[in-house]
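Good morning, everyone, and thank you for making the time. Please take a moment to look at the model on the screen before I walk you through it.

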Amino acid sequence: MTSPYDLVAQYSHPPIIDFTDPNHASEFYWRLVEWINDFHRELANEYEVGGQLVSFGNEITFSFTELTYWNPSLIGFHGTRPDGSPVKLIQHVSQINVLLVRQKRASPEEPKRPIGFASWEEYDKTVAERG
């Protein structure tokens, strides 16, 4: 007679799937990081990517220092304005509206690095691992 344990052992378990919701802020974050850094990388060394917020009545331009997210729906833009004052904008993923612009780098003598990463090597490795 076959025991219930023998029956269970005959069946393979379904694979564990790493489900990522494409509408979570973390996925928007990665898309933004890639778009921003692709634009940043294309610019000549004396320039960097800047962000221009276009939905606040007046124009606010800043240099990106970091992007953050809080699932399921918030994205954070961190940076500095031309006068050196800090900027932090928290937006719902459905309201993201930022214009990427070319602007002169404040410290062109320092190596240009990707936004949110210590080096281009670290950024490229992370992007490759994400697929």
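Let me begin with burial: of the 131 residues in this protein, 33% are buried, and I should say at once that what you see is a predicted model. The accessible surface comes to about 9100 Å², and carbon and sulfur atoms account for 54% of that area.

As for the fold, the protein has three helices and five strands, and if you follow the chain from the N terminus, the order of these elements is α-α-β-β-β-β-β-α. When we take the contacts with a separation of 6 or more, 56% of them are between residues that lie 24 or more positions apart.

I would like to spend the rest of my time on charged pairs. In general, side chains of opposite charge can pair when their charged atoms come close. How many salt bridges does the structure hold? There are three salt bridges, and I will take them one at a time.

In one of them, the side chains of Glu27 and Arg130 meet, with a distance of 3.4 Å from N to O. This pair links distant parts of the chain, since Glu27 sits in helix H2, which covers residues 25-42, while Arg130 sits in helix H3, which covers residues 120-130, and the two are 103 residues apart. Are these partners buried or exposed? Glu27 has a relative accessibility of 17% and therefore counts as buried, because the cut-off for buried is under 20%, whereas Arg130, with a relative accessible area of 38%, is partly exposed.

Another salt bridge is formed by Asp124 and Arg41, whose closest N and O atoms are 2.9 Å apart. Here too distant parts of the chain are linked, with Asp124 in helix H3 and Arg41 in helix H2, 83 residues apart. On the question of exposure, Asp124 counts as partly exposed at 35% relative accessibility, and Arg41 is partly exposed as well, with a relative accessible area of 39%.

The remaining pair is Glu129 with Lys125, where the closest N and O atoms are 4.0 Å apart. Why can I describe this pair in terms of a helical turn? Glu129 and Lys125 are four residues apart in helix H3, so they are separated by about one helical turn. Both Glu129 and Lys125 are exposed.

To gather the helices together before I stop, the pair Glu27 and Arg130 links helix H2 with helix H3, and so does the pair Asp124 and Arg41, while Glu129 and Lys125 both lie in helix H3.

Conventions
Residues numbered from 1 in each chain as written. Predicted model: local features only at pLDDT ≥ 70, side-chain atom pairs only at ≥ 80, totals over all residues. Heavy atoms only, no water. Buried < 20%, exposed > 50% of the residue type's maximum accessible area, 1.4 Å probe, protein only. Contact = heavy atoms within 4.5 Å. Areas by Shrake-Rupley, 256 points an atom, 1.4 Å probe, with all protein chains shown as cover.
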